[in-house]
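Colleague: Could you take me through the nonpolar packing in this model, and then look closely at one buried charged residue that catches your eye? I'd be glad of a connected account.

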Amino acid sequence: MSSAPAPFTADDYRARMERAAAAAADAGLAGVLVAPGPDLVWLTGYRPTADTERLTLLVLAAGQDPVLVVPTLEAPDAARAAGAPALTLRDWTDGKDPYAVTAPLLDVSGRFGVSDNAWAMHLLGFQQALPGTSYVSLTQALPMLRAVKDEAELERLAAAGAAADAAYEEIQKVPFAGRRETDVAGDLADLLRRFGHAQVDFTVVGSGPNGANPHHEAGDRVIERGDMVVLDFGGLLHGYGSDTSRTVHVGEPTAEEQRVHDVVREAQAAGCAAVRPGAACQDVDRAARAVITEFGYGEYFIHRTGHGIGVTTHEPPYMIEGEEQPLVPGMCFSVEPGIYLPGRFGVRIEDIVTVTEDGGRRLNTTAREMAIVD
């Protein structure tokens, strides 16, 4: 696989923090409060080594320098983060009130965007210390904060997609019939790691009737000849996500199984063809859904057509009816229509697509025709 990309620099993180602060100001917010999680990693490169109840918080506001509030015992680790030179560290020791330490950084009557995974305990602490403040989730206030990727991010997403594609090519060579779903899922996880993934987030293996559950977790069902098998797998490589789905068949499919697969493949192609700058997210969903509805399977397409991907495998934007957010070059998201026939089988085909200047480009390139496996 490809060599590791050049690491992000302090200047990269500085630019992201400045963009976040400016976006918050444009949205009428006094600033952004970022707890440990994907937003903090994306903005600073800092990932605390432990999930702790001690307050760790990045404070961003237009016109003021970024400040990362950390427990004293974790300050050395925070200082080593790639983005640390672009911010000021402010530490607090056990026995002190972390909200009193942080409060001077905040507008006492401001409305702040807060990362979705912030602890309720901390948010309530700020409300008590600064009763004039109010808060809104970042997903609601700044849903597109991480949505548009730069070239370095696109390079990482492409590498993750190529690694997932390599895993799919190899999984077709392993035995399916007579083995449990968990066995094949374990093979998939091993392959993702072999091709460079540092983290495996999911390996869905839905055989036969289990394939009609879009989020079926691999279980003890023994895969049989004649089964349709939905494979959906991904994780993180170089800090960025992969997510792809293909549906294979153990032995020769029936005419109906082939027809359903062909419909999904046509729908997925239509969804990808709808990707272009200025189109609304819902247009991608509509294009894929129209095909499935035309062939009489509309009621069996039971989820959105896609989701954004970046430092997490699921993030805004979402390809769903009602989402009018325009597509912008650099956005990356899945296009993954499916048909799920309860008690019988399911089919899903998924690629990650990035918006280009004049259309869209798939980051997954494996064959979308139904593969026959043993």
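Modeller: Happily! In this predicted model, the largest nonpolar core has 34 residues, and the members touching the most others are Met17, Val32, Leu43, Tyr46, Leu58, Leu60 and Leu68. Two or more residues each come from helix H1 (10-26), strand E1 (31-34), helix H2 (38-44), strand E2 (57-61), strand E3 (64-71), helix H3 (75-79) and helix H7 (151-171). Helix H1 is the top contributor, giving five residues. As general background, nonpolar side chains in soluble globular proteins tend to be buried together.

Tyr46 is a good place to look within this core. Setting aside neighbours within four places in sequence, Tyr46 is in contact with Leu40, Val41, Thr56, Leu68, Val70, Glu74, Asp77, Ala78 and Ala81. There is also a second, separate core of 26 residues, with Ala166, Tyr168, Phe176 and Val205 among them.

Now for the charged residue: Glu315 lies in strand E12 (residues 315-319). Glu315 counts as buried because its relative accessibility is 3%, under the 20% cut-off. Beyond neighbours within four places in sequence, the contacts of Glu315 are Arg146, Lys149, His307, Gly308, Ile309 and Gly310. Its side chain has polar partners too: a 2.9 Å polar contact links Glu315 to the side chain of Lys149, and another, also given as 2.9 Å, joins Glu315 to the side chain of Thr312. Finally, Glu315 and Met144 are 171 residues apart in sequence, yet their C-alpha atoms are 9.3 Å apart in space.

Terms used: Residues are numbered from 1 along each chain as its sequence is written. This is a predicted model: local features need pLDDT of at least 70, side-chain atom pairs count only at pLDDT 80 or more; totals for chains, interfaces and linings use all residues. Side-chain values use heavy atoms; hydrogens and water are left out. A nonpolar core is a set of buried Ala, Val, Leu, Ile, Met, Phe, Trp, Tyr and Cys residues joined through side-chain atoms within 4.5 Å. Buried means under 20% relative accessible area, exposed over 50%, partly exposed in between (1.4 Å probe, protein chains only). Helices (H or I, at least four residues) and strands (E, at least two) are DSSP runs, numbered from the N terminus. Contact means heavy atoms within 4.5 Å. A polar contact is a pair of N or O atoms within 3.5 Å; within protein, one must be able to donate a hydrogen and the other to accept it, and residues adjacent in sequence count only if both atoms are side-chain atoms.
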